[in-house]
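Please work through the exercises below with the sequence and the structure at hand, trying each task before reading its solution.

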Amino acid sequence: MCSKKSVLNVFLLVALVGLSSWGFLVHRTIHQIAVYNLPEPMRSFFYTDMDNLVANAPRPDIRRNKDKTEDTKHFIDLEAYGPNAANEMPFEWDAAVKKYGKDSLIKWGWGPYNAMVQLDNLTAAFKSKNKDSILFYAADLGHYVADLHVPLHTTMNYDGQLTGQKGLHHMWETFIPEINLDQFMLYNTHQAKYVKNPAQALWMDIRKAHLLVPQMLAIETEVTKQFTPETKYRNQMRYGKEVKAYTKPFAEAYAKALGNTVNVQLIASANMIADFWFTAWVNAGKPQLTLTREVSGNLAKELASFKQNKLIQDGLLISKKDKPED
């Protein structure tokens, strides 16, 4: 475990720099894809309120402005728990608390365990058959699950700040999707399935995400050799402060060097969200899902567009109908 001094230093860094997650654009895109990957009757149930579900996908990030306990629900700094924590941390919260202590878990991120809390909340909502509660917890659960597929949400070097690559977080998960989403393959053949051990499944994906961190850092270093400081960085206003950020040409070069990595993690997020939504419904006893209105032919049209990877081209991707956040 890290020393108290190291804990304080990194805690101050977190407080000063702040943490983000997949940008609003991606969170909303992921939730829409997850709806398409559901079986009936769940797909139609969520589709009738998909605008609401997609709009609220970023809500946990918005809560950070007022709720001081929100931040550490979105990530886990694995290095704080030992050199092989990704493979050794308990899947269950009680076992993790016994091994590391609750205070350490809250301080260094308890994202995987919080996701299980949200899964239980959604299961309870399905049992209650309260549609508002179902939509609320489905949106929140989806957000937290998606965040844990971002590699930099699994490391203390969450913004590249420990390796002189500050700003990498925003570039990887927000800037690159904003400039390249129309080139992504959003369609995939995944069909939501029941997950017998959700915690184990989530941790498997977290391990895969964590393994990407060294590659992300190394590629940034290599791409930097093609740029000068003046062409690599720009000054921009973010949250009312002027900060140094990567330029669009650098982000494009970095994205090209990454290949389809960001795209793959986006789709992995959507697939697990669909699986977790379906699992919550099954665990609730598969309650009857009442539609508040008839599902129009628009769903069939959207599914056809989705299968052809033309959601953006056909103007059907909800997240692209609004200007993405800066």
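**Exercise 1.** Find the loop in which P41 lies, and describe the peptide bond that joins E40 and P41.

*Solution.* In this predicted model, P41 sits in the loop between helix 2 (24-36) and helix 3 (42-47). Turning next to the bond that links E40 to P41, one finds that this peptide bond is cis, with an omega of about 5°.

**Exercise 2.** Determine how helix 11 and helix 16 are oriented where they pack, and which residues make the contact.

*Solution.* Begin with the geometry: helix 11 (residues 168-180) packs with helix 16 (residues 261-283) at an angle of about 100°, and their axes are 10 Å apart. Because angles of 65 to 115 degrees count as roughly perpendicular, helix 11 is roughly perpendicular to helix 16. Then look at the residues involved, where W172, I176 and P177 of helix 11 meet T261, V262 and Q265 of helix 16. Sorted by character, the residues of this contact comprise four nonpolar, two polar and no charged.

**Exercise 3.** Locate K129 and K286, state the phi of each, and decide whether K129 is buried or exposed.

*Solution.* K129 belongs to the loop between helix 9 (111-128) and helix 10 (131-147), and although K129 is not a glycine, its phi is positive, at about 60°. The relative accessible area of K129 is 57%, and since exposed means over 50%, K129 is exposed. K286, for its part, is found in the loop between helix 16 and helix 17 (298-307), and K286 has a positive phi of about 55° although it is not a glycine.

Technical notes: Residues numbered from 1 in each chain as written. Predicted model: local features only at pLDDT ≥ 70, side-chain atom pairs only at ≥ 80, totals over all residues. Heavy atoms only, no water. Axes fitted to C-alpha atoms, helices over the stretch in contact; angles between N-to-C directions. Helix = DSSP H or I, 4+ residues; strand = E, 2+ residues; numbered from the N terminus. Parallel < 35°, antiparallel > 145°, perpendicular 65-115°, else oblique. Contact = heavy atoms within 4.5 Å. Nonpolar A, V, L, I, M, F, W, Y, C, P; charged D, E, K, R; others polar. Buried < 20%, exposed > 50% of the residue type's maximum accessible area, 1.4 Å probe, protein only.
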